[in-house]
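Biologist: I am new to this one, so please take me slowly through a single part of it. Which residues does UniProt list under "binding site", and where do they lie?

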Amino acid sequence: MQITKTNALHGTVRVPGDKSISHRAIMFGAISHGLTEVTGFLQGADCLSTISCFQKMGIEIRNEKKKVMIYGKGLHGLSAPSSILDAGNSGTTTRLISGILAGQSFESIITGDASIQKRPMGRIFTPLSLMGAAFFSHHNNNCAPFTITGGSLKGIHYDSPVASAQVKSSILLAGLYADGKTSVTEPYLSRNHTELMLKGFGADITSENTTAVICPEPKLTGQKIQVPGDISSAAYFIAAGLMIPGSEILIENAGINPTRNGILTAAKRMGADISYLNQRTVSGEPVADLLITSCSLKAAEISGDLIPALIDEIPVIAVMAAFADGTTVIKDAQELKVKESDRIAAVTENLKAMGADVTPTDDGMIIRGGKPLCGTKINTYMDHRIAMAFAVAGMAAEGTTTFSDASCIDISYPEFFKDMASLVR
Ligand code: S3P
């Protein structure tokens, strides 16, 4: 794939289904009674890993592409996996499934690709062990592969040191199997799709401020879930539409859940005027069509409680900042170091290679915007969000941008280049 400077973007795009919501629809459907039907499911590699893990535990799942059918067997209907569960590249699969497996009477082993085998799992081992499960990390490094020995769990209150929906959701799912209430408090509120969707399946779950509370052993019933478009995928179109002069694009059906829509807040701080059209609620999630008109961007500070609401969008926000006027400071985002790649290193190295003035910090980066950027060979570190963020950078830069390997885009957006190309006239 080669990218050169692009003319104005025009037209309408529908981004694929939300990755976080797609994972949860499969998982919650599998542990509910009866049929769950999912439309708008993200057919990306991560969500397909979740499907295959539950199939290995005896759940019938029919993926007809336009619709996914999950024949749930209830909270206690899973069987011991037929082989090692492979989460591929997916942290959400690894951490959320672990919460469910903590409550099973069988032992299971989870592994994943080279990136997953480096990501910290101690953050779920600690609370799930306090509840009564046992973990054995095969390389003794608190990473995958690991064995989970489930058992009878007790309800706990956990003060999470990180604002992580994966940690929160893992504990809440284990809480379904505990002997009493389980609650989690996080430093800042992370995405709340688990809370919204599990309630829809019949769980007794409440939240107040940054605490979520769940009661055990509900009767969960299969649902019809319509997955909204992924704001994290929409982010690349938002950035490209704002940065490339003369552009006007409509992004249809984007999820705008306030715990996820930090990219829209960041864009506003940077001077963008994005219109939300046709606002509605779909399967309990707020959705809108977003009208993006190009504008000149200015620097902003991105920090604090905004970080969890845009954590996956920081690579593309950094690209916007490199084209913006002034100095953008991104801080409180040390979580970037433990994503699919070390995103502080990957973003700053690639931005520098394109000619940007950027300094990595321990918890983010400082970007002095406005220097002319020039295409180069981008090292994607096999991280889908790095590849897509720098595809957008390449569309606004002089010269030609190429990639070490952009096949990682299949993790969350297999049709990314085709959809982007459809807007170029
Ligand atoms: C996700 C939560 C976030 C996010 C990831 C998906 C989820 O991770 O970065 O892409 O679906 O719960 P953390 O919970 O680790 O912050």
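Modeller: A definition helps to begin with: a helix here is a DSSP run of H or I with at least four residues, and helices are numbered from the N terminus. Please also keep in mind that this is a predicted model.

Let us start with the record. An unreviewed UniProt entry places a "binding site" feature at K19, S20, R24, S164, Q166, D312 and K339. In the model, the lining of the largest pocket takes in K19, S20, R24, S164, Q166, D312 and K339 from that set. The "binding site" annotation of the unreviewed entry also covers K19, G91, R119, Q166, R343 and R385. Of these, K19, G91, R119, Q166, R343 and R385 are included in the lining of the largest pocket.

Now we can visit some of these residues, beginning with R24. You will find R24 in helix α1, which spans residues 19-30. R24 has a relative accessibility of 1%, so it counts as buried, because the cut-off for buried is under 20%. Setting aside residues up to four places away in sequence, R24 touches G29, T92, L96, A165, S169, H193, T194 and M197.

Next comes G91, which lies in helix α3, made of residues 91-102. With a relative accessible area of 5%, G91 is buried. Beyond its neighbours within four places in sequence, G91 is in contact with I116, R119 and Q166. Two of those partners, R119 and Q166, appear beside G91 in the UniProt annotation.

K339 sits in a loop instead, between β19 (327-330) and α10 (343-353). Its relative accessibility is 16%, and therefore K339 counts as buried. Apart from neighbours within four places in sequence, K339 has contacts with R119, I311 and D312. Here D312 is a residue that UniProt places in the "binding site" feature along with K339.

Our last stop is R343, found in helix α10. R343 has a relative accessible area of 0%, which means it is buried. Leaving out neighbours within four places in sequence, the contacts of R343 are D312, P315, L336, K337, M365, D383, H384, R385 and I386. D312 turns up again here: R343 contacts D312, and K339 contacts D312. In a similar way, R119 is a contact of G91 and a contact of K339.

Conventions: Residues numbered from 1 in each chain as written. Predicted model: local features only at pLDDT ≥ 70, side-chain atom pairs only at ≥ 80, totals over all residues. Heavy atoms only, no water. UniProt positions renumbered as here; feature names shortened; annotations may be inferred. 1 Å grid on protein atoms, 1.4 Å probe; cavity = no way out; pocket = protein on both sides within 12 Å on 5 of 7 lines; lining within 4 Å. Helix = DSSP H or I, 4+ residues; strand = E, 2+ residues; numbered from the N terminus. Buried < 20%, exposed > 50% of the residue type's maximum accessible area, 1.4 Å probe, protein only. Contact = heavy atoms within 4.5 Å.
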